[in-house]
Amino acid sequence: MNTPDPQSSPRLRLSRRSRATRGLLWGSLAIVLLVLPNLVDPYVDLQITLIIVFAVAIRGLDIVTGLAGQVSLAQSAFFGIGAYAGAYCVDRDWSAPVGFVAAVVVSALVGAAIAVPAVRLRGVAFGMVTIALPVLAVPLAVRLRSITGGSEGRSVPTITAPTWTGLADDQWHYYLVLVIGTVVFVLIHNMLNGRVGRALTMVRTNEILATSLGIPVQRYKIFAFTVAAACGGIAGWLYLIPMGFVTPDALKFTLSISILLALVIGGLRSALGCVLGAAFYVLVPNVTDSSQPGRSLLYFGAAVLLVLIFLPDGIAGAIRSVLRQFVPASWNGGATSRHTNGPTDSRTAQPEPPTASTVSTHTPTEGDAP
Amino acid sequence: MKRSATGFPPAKRRVAVGALVAASLLLAACGRSSNQASDRDPGITDTTIKIGSSLPLSGGLAAAGQATQAAIGAYFASVNKDGGVKMGDGHTRKIKFVAYDDGYDPAKAVQNYQRLVSQDKVFALFSTFGTAPNLAIGKLANKDKIPQAYVHAGDAILNDRTKTPWTSGSYPTYESEGEAYAKYLVSQNKPLTVAVLRQNDTLGTAYLDGLKKGIDGSQVKIVKTTTYVPSDSTVDSQISALAQTKADVLYMAVALPGLMIGGIQHAKTLGWDPQTFLVSITSDIDLVIKNGGLTGLTKMYSDTYIKAADDPQWQDDPAVKKYLERTKSFPKAKGDGFNAEVAYMQAEMFVSALQQTKKPTRQAFRDALDSNNDTKAVDVLLPGVTFDASRSKTEPPIHGLVVTHYEGGSWKKVADCVGC
């Protein structure tokens, strides 16, 4: 079919033209995102806002699960903790930035506290330990009525748009969430694009080799888990902006599973994948719901299965392999997942064992499809 | 290696980014044309009126949500078949009813609210289900001034029109139910001990508060309280703990039919035979008593305000006959008879409020909700129970509860109506 292995084209040869095209693409995306809330109704605004909120939570999980390779089912707990911390601060009449800092710090601290003992475990055992957090958090939230408001949760006043903006509330919510979400994504991108990203990839692909290279494996796992927790906390705080309330539902274990599913569906180790996964999580139930309410879960499950069977690399992975057929190699994965295909890429460095994801990324390029 | 993300030289890039931000902000500043205050609100034409709801059509409360949807659909279908509702402004309108599934999740309910209001452009909300979803929706509805008519929940907080003027409750609160039964216990005029099992949330707290209020200063004493959470699969251990007190009365503030049945059966197997109180929402004859094999028990009490369609004593009542006739082609109404009939009652109240709406505006409809006292329009109410929203702004518009005793396959009245 095409070049046998387009991956091998060095990124350094990125042509001026394709760089300009990429700039144009990012520019148009930015314009679309900035103008969008004026073209759509409040419901669509709310949907997009929620997609960004969950994308942040999913991106956090991606660091610990996608990058560091540790399956975590605790993300909903951090999401809920962030939301509760934010709501608690509003209730105390503390300013929004204080609430934000509290959401990040509290969830990161809880994350670190869980991670320190948990990283001694691996794989399934680690996943089991992380389940404990949301399972414990829900009854705790119901009991700690003075902090959490009990089972009916905490309600905060809706943030209204300042009059000078001339915006409706839902538009203002959208911009707030968009700006903070973008900053989080850029920070994570920059962090993963260097030493940390390489180290985490090594931790995932070959722990023994990583240790022998002097990478402090456990410390990196703790770090990844803590950053993931902080992202969960930020997402929880962002969730308060459009929703205006938090109930113990936000802590629920099922939300953790949904976030993990969304990550796998969207595509691991990819910012785009996280956004697509979030979109899947928010939008697909709406579609399945309208066809026959009551069976929406069934259709949602079927949609999940279809994606997992036919797009084992997630939606982002599928887009990547389609792009690979048509555009210069330098585009692979866009700017979003370079850290994974960077120096420690399995196709250039040997040590990665044939995991599901590496096997499947090879299939489309080997051209053995009928 | 470092390079600019866009491929432009840094200076040009700055200009480009600046231009982009400026252009976007300009566009953004245009905002959205705000809703025009007018003599006609969205969702209403000269011939139709569109209303919406958010219900648990999936998940643990799916049967209740689907029954609600079916019964409302049945009533509106029959109204539309007769031409529609003749409203106070002289126009006769057909009702369009849209409902979305929230799975009893307040977050989903908020999305449904936004969808109903901004995409379906409904005139009003109706019979939105459950306390938590209604609280979440109510905040927005009161800000946007959208009528949240006759919520399908019995929490007192949803019945305060001085604080949330756009939210109107419908049936007696859980608290008043507890109080009505407590007064019945007090009226027996002897020392009684009460063991309580309640749901660990506002619903359970409200039932318990009502009980406490009603027995205050009397010979009736609560000796033990245990709780469960809705996700529990059994309440056996709680019942065992309560059975040790050998209390005279078992007060079951249990909202889930399965747990209600299991709890009562377990008390029986333990050889404990107290007077058992079943809260109205889970005392359905078909769904709980027959289905749970409880028909042989003789000391079951409950309370109600409607003529239950599955109760033999009302089989020949014209209102119940009409109800059964209308819901015949809506089989899901049978899935949870009590919730279905309550929703049907709310639909009667709703249509009656529309008839009194003088202008095609939400404000006019709200005024009608506030003043509606047309008891005759709500024919499934028990004799003596009244419908009057104008009586108090902090009470539900339905007034009156009757404590009942299960005997001969029927819930028979044992005390005078409380609050009629």
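Where is B:Asp160 found in chain B? The legends below address this residue and other sites of a predicted model, in which local features need pLDDT of at least 70, side-chain atom pairs count only at pLDDT 80 or more, and totals for chains, interfaces and linings use all residues. Residues are numbered from 1 along each chain as its sequence is written, chains are lettered from A in the order in which they are written, and side-chain values use heavy atoms, without hydrogens and water.

**View 1. Surroundings of B:Asp160.** B:Asp160 lies in the loop between β5 (148-149) and α5 (174-187) of chain B (DSSP runs: helices H or I, at least four residues; strands E, at least two; numbered from the N terminus). Its relative accessibility of 14% counts as buried (under 20%, 1.4 Å probe, protein chains only). The side chains of B:Asp160 and B:Thr162 share a polar contact of 2.4 Å (N or O atoms within 3.5 Å, one able to donate a hydrogen and the other to accept it; residues adjacent in sequence count only if both atoms are side-chain atoms). Not counting residues up to four places away in sequence, B:Asp160 touches B:Lys393 and B:Thr394 (heavy atoms within 4.5 Å).

**View 2. Helix α2 of chain A.** Residues 42-67 form this helix of chain A. Of its 26 residues, 25 are buried, so α2(A) is largely enclosed by the rest of the structure. At the N-terminal end, A:Asp41 acts as a cap, with a side-chain oxygen 3.0 Å from the backbone nitrogen of A:Tyr43. Just after α2(A), A:Gly69 takes a positive phi of about 75°.

Methods: Expected span 1.5 Å × (residues − 1). Buried < 20%, exposed > 50% of the residue type's maximum accessible area, 1.4 Å probe, protein only.
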